[in-house]
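Please open the model in your viewer and keep the sequence beside it, since this tour moves from one selection to the next and describes what is found at each stop.

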Amino acid sequence: MKRRSFLWCIHPLQGLAESLLLGLFILAATAQLEGYVDPFVFQVAAFFLCGCCGMWPVLRIRLPQGDWRRQLAWEMGVGLGLSLMMVAALTAAGDALGWNVIWRLNNWDRAACDALLICTGAGYVLTRGGVRLWQRWNVLRRQRLLWSLTHAQLTVVVFFDFLAALIFFFITPYSRTAYDIWTQTSNPVAAFVTGLLVTLFPALMLVTLITGISLAVMLPPLAVLSYFVARRTTRRLETLAGAAAALRAGDYSARAPVEGEDEVAHLQADFNAMAEKLSQALADLKRERDTVAEVLQSRRDLVANVSHELRTPVATLRASIETALDQWETLPPSETRQKLAVMEGEIQRLSGLMDDLFVLSRADVGQLPLTLAAVAVGPLVTQAVNALAPLAWQTGRVTVTAELPENLPTVLADSRRLQQVVVNLLRNAVRYTPPGGLVVVLAAVENGLMRIEVRDTGEGISPEDLPHIWERFYRGENAGTENAGLGLALVKELVEAMGGQVAVESIPGRGSCFSLTLPLNE
Ligand code: ADP
């Protein structure tokens, strides 16, 4: 269940009615003092009555909302109503019930009493204005550290005001007179009520008055003082808050300058460290994301390329098989043989492609099966050159030779895979070298590594193609459609798996030099 609040929650009419009842209660209570106390007590009681009747609606009646003019009109209306209620309803009811001893016994005239009663409404309006100011102040000090610090200083001022007012009250001759009046009466209840009225109430009034005046006087200089004292700290905090807001908005380069060595400086340094870590983590995350995106893209490309590469030989095979089956009876044996030879060629191409893909996929997961052993580079290169040279000469008038020094040391490699590497490089060199050209294989020990080079005097590679030629399925502009673009990717994977490196240099129109290094077998 929602707890009903006491403050600022009732309708003005209810507030006025409650105030009237409270006034009547005070009138009734003071009427009982007649005959026991000094008439001066009734004068103080009149102030007390007006104070209570004014304060009660200040605390109880709900605060109007909306436009300030409407609010002012509302409060003035309630204040007027309160004054009227005090002058008319309260005194009339008090007269009728015979409780208006306050006004009868003190030596004021009725006009002075009415003025005091009317002032209740004015007091109400002023105090409600004070409540508004207090609320505004609270909002302000919650929003800005500067005002919060001013508030703390003002609290100290209020406390000392309170003390000063009390001390002032108790050392004035008034307090002694009041004490005399209080102790005059023999009735204990009357003595108690008199005591409250003539000492506590004026003391409270005095405290309120002094506090109000000193607050009004102290607030501006204190605000200025706080401003200067707290400005440095608040400015640093504001810079920090600005940096935090920028960071939240996505500016990960936002930092707060570290000033001084205090807690704020620690906070600034911590913020900067946190922002640094955050931006680093984000950069890492972005890199990871890019890598994953790249991997996914390369997988997609791979699948697309593989299916594309498989389609051509499979289609050729299917067409050859279909014609062979259709014309089985009529086809002369020589043509049948020719068709079977085409099929064998396509099957060889397919199985070569599948072998390459298999090796590359194993290399991807780091499971390329290699049998590393001492391999003599000289014989291996000579064998490859001997195998390719006659065909290169016959088909393209390209000379393939090897220039190898004596006593080449052995390398640590898988001899079958190394053979495959050299053959791939030689085939490419022959393929892209025009008739009359030359392909040379060189080998030498350089910086403790075996360096094997395949040089050709071919057409070379364009600068646009050069950075991509090691990529899978990449074919340069000079490549024919029968090539899958896997040869160099395979060379690179195999050499790197054997602990070596590959490189290429090429001048378009003049030739290319593919080189690889391998560790020696020590
Ligand atoms: P491909 O099967 O197309 O030969 P590779 O991976 O072996 O695939 O080569 C990739 C590309 O590199 C080729 O398409 C070609 O453009 C270029 N290339 C490779 N070797 C040579 C070379 N010796 N001379 C000129 N271009 C070459």
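The stops below go from a sheet to a ligand and then to a few single residues. Please keep in mind throughout that this is a predicted model.

**The five-stranded sheet**

Begin by selecting strands β2, β4, β5, β7 and β6, which in that order make up an open sheet of five strands with mixed pairing. The strands at the edges are β2 (399–403) and β6 (501–507), and because each of them has a single partner strand, one side of each is left without a neighbour in the sheet. From one strand to the next, the twist averages 15 degrees.

Now keep β2 in view and add β4, residues 438–446: the two strands run parallel and are joined by five bridges. To see how they are placed, select Ala402, which stands opposite Val441 in β4. Then add helix α11, residues 377–396, which packs on the sheet and touches β2, β4 and β5 (449–456), with a direction that makes about 165 degrees with that of β2.

**Strand β7 and its two partners**

Next, select β7, residues 511–519, and ask how many of its nine residues are buried. The strand is mostly covered, with eight of the nine residues buried. On the β5 side, the pairing with β7 is antiparallel and extends over eight bridges, and here Arg455 can be found opposite Cys513 in β7. The pairing of β6 with β7 is likewise antiparallel, over seven bridges, and Ile507 has Gly511 in β7 as its bridge partner. If you follow the chain between β6 and β7, you pass through a hairpin with three residues between the strands, where Gly509 in the turn has a positive phi of about 90 degrees.

**The ligand**

Select the ligand and display the residues around it: there are 21 of them, and the closest are Asn428, Arg431, Gly476, Asn478 and Leu488. Three polar approaches can be inspected one at a time. In the side chain of Arg431, an N or O atom is 3.0 Å from an oxygen atom of the ligand, while a nitrogen atom of the ligand is 3.0 Å from an N or O atom in the side chain of Asp456. At Gly476 the approach involves the backbone, where a polar atom is 2.9 Å from an oxygen atom of the ligand. Taken alone, the ligand exposes 530 Å², and the protein buries 98% of that.

**A pair of short strands**

Move on to β1, residues 373–376, which pairs with β3 in the antiparallel sense over four bridges; within this pair, Ala374 stands opposite Leu412 in β3. Colouring β3, residues 410–413, by accessibility should separate a covered face, made of Val411 and Ala413, from an uncovered one, made of Thr410 and Leu412.

**Three single residues**

Select Thr234 in helix α8, residues 188–248. Is this residue buried or exposed? Its relative accessibility is 8%, so Thr234 counts as buried, and apart from neighbours within four places in sequence, it is in contact with Leu145 and Leu146.

Then go to Trp8, in the segment before α1 (12–31), where phi is near 45 degrees, a positive value in a residue other than glycine. Trp8 is partly exposed, with a relative accessible area of 27%.

Finish at Asn447, in the loop between β4 and β5, which has a positive phi of about 50 degrees although it is not a glycine. With a relative accessible area of 75%, Asn447 is exposed.

Note on methods: Residues numbered from 1 in each chain as written. Predicted model: local features only at pLDDT ≥ 70, side-chain atom pairs only at ≥ 80, totals over all residues. Heavy atoms only, no water. Pairing = 2+ DSSP bridges. Axes fitted to C-alpha atoms, helices over the stretch in contact; angles between N-to-C directions. Contact = heavy atoms within 4.5 Å. Buried < 20%, exposed > 50% of the residue type's maximum accessible area, 1.4 Å probe, protein only. Near = heavy atom within 4 Å. Polar contact = N/O pair within 3.5 Å; in protein donor to acceptor, adjacent residues only side chain to side chain. Areas by Shrake-Rupley, 256 points an atom, 1.4 Å probe, with all protein chains shown as cover.
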